[in-house]
Amino acid sequence: MSDPIRLARPDVGDDELDAVAQVVRTGQLTMGPKVAEFEAAVAQAVGTGHAAAVSSGTAALHLALLALEIGPGDEVIVPAYTFPATANAVELCGAHAVLVDVEPDTFVLDPAAVAAAVTPRTRAVMAVHLFGRPVEWEAVQTAIPQEVLLVEDAAGALGASYRGTPCGALGVAACLSFHPRKIVTTGEGGAVTTDETGLDAAVRRLRHHGWAALGDMPAPGFNYRLPDLLCAIGIPQLARLEELLAARERVAGWYTERLEHIVLTPSAAEGDRHGWQAYVVQLDRRDEALAALGDAGIEAQIGTWALHRLDPYRAQGAFPGADRAFERALALPLAATTTEAEVERVARVLTLL
């Protein structure tokens, strides 16, 4: 039996170990200088004026919406095919997540569906760069009134860009994740990026119990802080962002060479750069392929969820694009350290179906 191939492997090593050890030796494990250092590196990588580190990508979504004062009575447009955290964050603010369909071949928002979903209560659109593919940003902008806010769910898109602009710097705010499946990891963690100083300040208050200053708490908040220990892991990771993305691009190229004639392979639109958080193909016999890969010792999984098939979001109608994506999408092993021999093993299983 060949060695198992994991779905994802964070590329961490001695630099990250040394960085954590340095923090441990200081005794200041949270609310210390590594948070600010990490935030500065995130803002530089994305090209925004501000980045606020938080405890997860989900926390970033939640705080971005709250900082934008989205709440009861408001509607937020969300793609029907995405990880549930995108819609859950809307509902946890007391607002209503309005599902719209996606373009099944690309997994991203269908601008025509967005335009059709706008009502007088629409406050924002959550534009998800799913698996690292940038949303057709200008088309979505054109589909909505000027007063409707565009917020990026860029959880899997650090390093990606739309027509030369980094994902994370397109919307009024963007939400990043540093989960181990992402290109840069802190173990768990996230960030809200923005050029709006007031919005950044609101996120920072809300992540730290609502404190504006010692003794000054304008409104209740949360403990959504990211500790120095985890920021220390992320700093050397961010320093290697281009290297890590180039490695994933190389792996994606190996897959595409071998698979483009037997499955629908992922890509970015012309002029864009894919972030390659995941390599997700589409094929009609997805479940059979998933089982065959498992039998061969290869980890794979479905792409993500069609939200209207989950109990909280069932009553919103039919979404054929999301259904098609959900039934056909298959995430293959992808990491900066994935070898060409491993890609060959994966491709061989799919070719023999």
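Guide: Two strands pair if DSSP finds at least two bridges between them. Strands (E, at least two residues) and helices (H or I, at least four) are DSSP runs, numbered from the N terminus. This is a predicted model: local features need pLDDT of at least 70, side-chain atom pairs count only at pLDDT 80 or more, and totals for chains, interfaces and linings use all residues. Residues are numbered from 1 along each chain as its sequence is written, and side-chain values use heavy atoms, leaving out hydrogens and water.

Visitor: How do you know that strands β8 and β9 pair?

Guide: Four bridges join β8 (residues 173-177) to β9 (residues 190-194). At least two are needed, so β8 and β9 pair. These strands run antiparallel. C175 has V192 in β9 as its bridge partner.

Visitor: In what order do the seven strands of the open sheet stand?

Guide: The order is β1-β9-β8-β5-β4-β2-β3, with mixed pairing.

Visitor: What makes β1 and β3 edge strands?

Guide: β1 (50-54) and β3 (96-100) each pair on one side only. From one strand to the next, the twist averages 25°.

Visitor: Why is the set with F38 and L158 called a nonpolar core?

Guide: Its members are buried (under 20% relative accessible area, 1.4 Å probe, protein chains only). They are Ala, Val, Leu, Ile, Met, Phe, Trp, Tyr or Cys, joined through side-chain atoms within 4.5 Å. F38 and L158 sit in such a set, so it is called a nonpolar core. This largest core has 68 residues. Helix α9 (residues 241-259) gives the most, nine residues.

Visitor: Which other core lies apart from it?

Guide: One of 52 residues, among them L63, A64, V78 and V128.

Methods
Buried means under 20% relative accessible area, exposed over 50%, partly exposed in between (1.4 Å probe, protein chains only). Axes are lines fitted to C-alpha atoms, for helices over the stretch in contact, and angles run from 0 to 180 degrees between N-to-C directions.
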